[in-house]
Amino acid sequence: MIFEKVLEIYQKYYICVHCLGRMFSLLGTCTTNYERGNSLLLSITMENHRKYLSRKEDLQKKAIANLKTLAENAHFNPAQQVLNNEGLEHVKNESNKICFLCNNIFSNIENYINNVKLKVEEIEFSSFLVGSKPQSYIINQEDNFKTEFGLLEAESFKSHFNRVVGKELLSCLKRIPEFNHPDVLIIYSFDFESFDVELILKSLFIYGKYNKLIRGIPQTHWFCGKCRGTGCKFCNYTGKQYQISVEDLISPVFNKESKSSDSKFHGAGREDIDVKMLGTGRPFILELRNPKIRTLDLVKIEKIVNKTNKNKVRIFDLRYSSKNEVIKLKYEAKNTRKVYRAIVNSESKIKKDEFDNKVIILKKTFEYQEIRQRTPHRVSHRRSDKVREKSIYRIEGKFVKPNLFEFKIETQGGTYIKELINGDEGRTSPSFSEIFKTPLKCKELDVLEISV
Ligand SMILES: [Zn+2]
Ligand SMILES: [Zn+2]
C-alpha cells in the first residue's frame, strides 16, 4: 500500500514533496513529481481525517497518530490545519526542514537556473541540453533509501534534476532542448553544499580551400621534435619546429571572430613543406572548439586572412561544414586526382631531341598505369614500410635547358612525386631516372589541382 509506505518513510526521515513524488514517479502520469507528492500527502490527510471523524475509537487513535506524522514529520500544512481545527495538539516546528534525499536542492532550483542564465549571456546558441554529475554519496544514499522502503517506481535524482532544470531553462532562455547535438551542453556537478557549472560548446566547422603561395612552411602547426612544444634551446624556446604553418596563418582570425578556445585544422591530404599549393586549391575544414559565436561573417574573415597573408596563403570558397564532412574529406583525400608541376635537374646533359624521345617513352610507360612505391626513405621514420600501388594518369614534359626540365604530372592522391622522379634507390619503380638512364632530381614541386 502506498499510503502505509509514505507514513513509514515520514516516521523515520524527512523528504521534500518533490522527492516524495519522485519516489512514486512511475505511478500516475501527466503530472509533476511535486503535484504527485502533494496529492499523496493530501489524500493521506483526507483519509485519516475521515477515520478521525468516524468516532470509532480504535480508528481515531491511529488516525491522530498518522495526522501527527504528516503535520510534524512531513511538515504538511493541511494536516497541521486539520489537527488545529479539531483541537488536537501537535508540535509546531517552524524551522525549515532539510530533505534527506536532496538537501532541498529541488526546492531551490532557481539558484541553478540563475547561475546558467548569467553564464550563457555572452554565448550564441540555439539549442541546449542539461546534464548532471551528483557526487556518488548522494546516489548511494538514495539507493539505500529505496532498498529500505522497497521503492521500485522511483525516478532517479539525475533524471528529475535534468528534466526540471531543462524545463526552467527552456522557458527563461527561449532556446530549444536538443538531445543529440546541442550547441551548448550544460553540465552541473554538485554535492549537497555547492555546485559548479561547465558549459561545453559544440565545435563549429568551416570548410574552405587554400593556396600555399610560398615554399618552406608546413600545412599544420608543427611542434619542435626535441621538446614537443614546451620550448628548448633547439627551437629557440618557441616550441615550434617551423615558425609558421598554413594553419598558423589561417586559424587565428577564425578563432578571434568565433571567440573559440582553440581550433584544429583538417586538410584533404597535405603537400610537402617545400611544395606550393596553387591553382584550384586544397580543401580543408577548420574545427573551431568551444566557439562563443556561431554566426560568422565568412566574407569578412576571408578578406582579413587574405590581406594579412598576401603572397603567402590565400583562402576561398568558405562555407559552414560539419563533423561528418571531416570524415568524408579525410576518406576522399585518398581517391583524389592531383596535378603537379615539377622542375627537374638532370645529372647529365641531354639534347632536346633525346628529351622529346624520352617523354614519349615516359608517356607509354606511365600513362594510365600503376606503379609500385615502397615507403620513401625520407618518411620511413614516421610511416610504416610497405608497398603502395598508385595510378599515374598523365605526363607532359617541357625542355628548358639540357639539364633542366619541367613536367606536369597527374596522379592518384598519395603518390610520392619526388620519388617517382628520382627512383628513391629503387624503392619506386619504374621511375623517371630509370627511363632517362641518368639520375634526375626534383628541384621544385607545386600542386596545381586537386579533384575528386
Ligand atoms: Zn528532496
Ligand atoms: Zn624545442
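How many helices and strands does the secondary structure of the protein come to? In this model, which is predicted, the secondary structure comes to 14 helices and 14 strands.

**Overall form**

The C-alpha atoms of the protein, taken along the principal axes, fill a box of roughly 125 × 45 × 40 Å. The radius of gyration of the protein is 36 Å, whereas a compact globule of 452 residues would have one near 22 Å. Of the 452 residues in the protein, 31% are buried. When contacts between residues at least 6 apart in sequence are considered, 69% of them join residues at least 24 apart.

**Domains**

The protein is divided into domain 1 (2–85), domain 2 (108–201), domain 3 (204–333) and domain 4 (337–451). Between the centres of domain 2 and domain 3, taken over C-alpha atoms, the separation is 37 Å. Six residues from domain 2 and six residues from domain 3 take part in the contact between these two domains. On the side of domain 2 that touches domain 3, three residues are nonpolar and three are charged, while no polar residues are found there.

**Helix 5**

Helix 5 spans residues 77–85, and its buried residues are Ala79, Gln80, Val82 and Leu83. Why do these buried residues lie on the same side of helix 5? They do so because they cover an arc of only 160° around the axis. As a general matter, an α-helix has 3.6 residues a turn, so residues three or four places apart point the same way. Gln81 and Asn85, by contrast, are exposed on the other side of helix 5. The cover over the buried residues of helix 5 includes helix 3 (33–53) and helix 4 (57–73). After helix 5 comes glycine 87, which has a positive phi, near 70°.

**A sheet of four strands**

Four strands form an open sheet in the order 2-1-3-4, and the pairing within this sheet is mixed. Strand 2 and strand 4 (195–201) stand at the edges with a single partner strand each, so one side of each is left without a neighbour in the sheet. The table sets out how the strands are joined.

| Pair of strands | Bridges | Direction |
|---|---|---|
| Strand 1 (residues 127–134) and strand 2 (residues 176–177) | Two bridges | Parallel |
| Strand 1 and strand 3 (residues 184–190) | Seven bridges | Parallel |
| Strand 3 and strand 4 | Seven bridges | Antiparallel |

Individual residues help to locate these pairings in the structure. Where strand 1 meets strand 2, serine 127 stands opposite isoleucine 176 in strand 2, and phenylalanine 128 has proline 177 of strand 2 as its bridge partner. Phenylalanine 128 also has a bridge partner in strand 3, namely valine 184. Further along the order of the sheet, isoleucine 186 has leucine 199 in strand 4 as its bridge partner. Which element joins strand 3 to strand 4, and through how many residues? A hairpin joins strand 3 to strand 4, and the link runs through four residues.

Notes:
Residues numbered from 1 in each chain as written. Chains lettered and ligands numbered in written order. Predicted model: local features only at pLDDT ≥ 70, side-chain atom pairs only at ≥ 80, totals over all residues. Domains from an automatic or database assignment. Contact = placed C-beta atoms within 7 Å. Nonpolar A, V, L, I, M, F, W, Y, C, P; charged D, E, K, R; others polar. Buried ≥ 20, exposed ≤ 12 C-beta atoms within 10 Å, placed from the backbone. Arc of directions from axis to C-beta. Pairing = 2+ DSSP bridges. Rg over C-alpha atoms; globule rule 2.2 N^0.38 Å.
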